[in-house]
Amino acid sequence: MSTPLLDPVDPAVEIVKGAKSKSGFGLGQYILTRFLLIIPTVLILVTMVFFLMRITGDPITASQGGRLTPTQLQERIHAAGYDRPLLTQYFEYMGKIFTGDFGTTISDNQPVSEILKVYGAATAELVFYSLIVAFLVGIPLGMVAAYYRDKAPDAALRLFAILCYATPVFFAGLVLKLVFSIAFGWFPVAGRATTSNEIILQGVESPTRIFLLDALRLGNFSLLGDVLSHAVLPAVALGLLTAGVFLRLVRTNLIGTLGQDYVEAGRSRGVREFRLVTKHAYRPALIPIITVMGMQIAMMLGGAILTETTFEWKGLGFQLSQYLQARDFVAVQGIVVLMAIIVAVTNFIVDIVAALIDPRVRY
């Protein structure tokens, strides 16, 4: 009669126990501190964006200079209030931001807040798809690389990770379009949905304006399939950028965890290597991924500008490129400020999640 094998001690449980016994800095205090740090961070970012956008002069001259007569130009500058002292404009702009008023675009006279709402949803949808790709590709392949460390599969996966990280996202997008859209015809070339379906989805009264959720609400699986098929290539192009980082992080941390005493104890008791990797060692190895998630979201927002332009995905990145060409600095300023706020808030959420998983982060 064989003796049943004992599972090694889960380090995550030990971490929590240890932290509870030693904690002098509670979770509530940590959350409050991190939340208060968001305020100066966002204020500094908004201030920098505001003054950098004024380096070349007022937004009206930047956008319409050469198209209007000097008299017309001065009239528009005066009407918009850009001839007042810069500090007066700054404090007025800051006051409006707190009410959700980001001004009006110069090139097409649209409320910037409405542009942020509509196109921000499209970018959020793309980033969500891309994160799924990054998790599905990066984490399992990182575990495989750690399992076969220093062997041929490990070398191949490390090379794959470097290629993912080093390849410019617009180049990856173009290659994917050429191969899977134009050569094989498996996926649509561009857009968030076919034109007829996009008109239907834009007409839906939706609080989120996310096509995936709207198609689900309508219960129309044809629409849902169309939306998902349009999302595949942009999500893969953007997601692979982060998947390479995840793969390297999981591999490195998993190899380190596999050398810990509790894993060696499990190994000595006869626990199989595959079970050690997939059940006991991977949880501590995932903690660094959560801590770098905030930076990866910032990278994804930067990469979204190129991805959306490549695939004509009408999100904030696509609109930002259009408004940059039109020198519409009011719209550009609003989009950049929103992205900065998203990054700051995302980092706050990631810090809280990391502190919940690993209480040592609080110290």
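**Notebook: surface patch and cavity**

I began with V175, which I located in helix α8. The model is predicted, and I read every entry below with that in mind.

**Entry on V175.** I looked up how far V175 is covered. Its relative accessible area is 35%. V175 is therefore classed as partly exposed, since that class lies between the 20% limit for buried and the 50% limit for exposed.

**Entry on the surface patch.** I next asked which residues form a nonpolar patch on the surface. The patch consists of F170, F171, L174, V175, L178, V179, I182, F184, W186, V189 and L306. Together these residues present about 1,000 Å² of accessible area. I then checked which helix supplies the largest share of the patch. Helix α8, spanning residues 169–183, contributes 7 residues.

**Entry on the cavity.** I searched for enclosed space and found 1 cavity of 30 Å³ or more. The largest cavity holds about 40 Å³. I recorded its lining as F187, P188, V189, A190, G191, S229, H230, L233, P234 and F311. Helix α11 (residues 221–258) gives the most to this lining, with 4 residues. By character, the lining residues are 7 nonpolar and 3 polar, with no charged residue. I noted V189 in the surface patch and also in the cavity lining.

**Entry on the whole protein.** I counted 15 helices and 0 strands. The C-alpha trace spans about 95 × 60 × 40 Å along its principal axes. Of the 363 residues, 44% count as buried.

How values were computed. Residues are numbered from 1 along each chain as its sequence is written. This is a predicted model: local features need pLDDT of at least 70, side-chain atom pairs count only at pLDDT 80 or more; totals for chains, interfaces and linings use all residues. Side-chain values use heavy atoms; hydrogens and water are left out. Patches are made of residues with over 30% relative accessible area and no salt bridge: like charges are joined within 9 Å, nonpolar side chains (Val, Leu, Ile, Met, Phe, Trp, Tyr) within 5 Å. Accessible areas come from the Shrake-Rupley method with a 1.4 Å probe; for residues, only the protein chains shown count as cover. A salt bridge is a side-chain nitrogen of Lys or Arg within 4 Å of a carboxyl oxygen of Asp or Glu. Helices (H or I, at least four residues) and strands (E, at least two) are DSSP runs, numbered from the N terminus. Buried means under 20% relative accessible area, exposed over 50%, partly exposed in between (1.4 Å probe, protein chains only). On a 1 Å grid over the protein atoms alone, a cavity is a set of points where a 1.4 Å probe fits but cannot get out, and a pocket is an open set with protein on both sides within 12 Å along at least five of seven lines; lining residues have an atom within 4 Å of a point. Grid points are joined across faces, edges and corners, and a volume is the space filled by probe spheres set on the points. Ala, Val, Leu, Ile, Met, Phe, Trp, Tyr, Cys and Pro count as nonpolar, Asp, Glu, Lys and Arg as charged, and the others, Gly among them, as polar.
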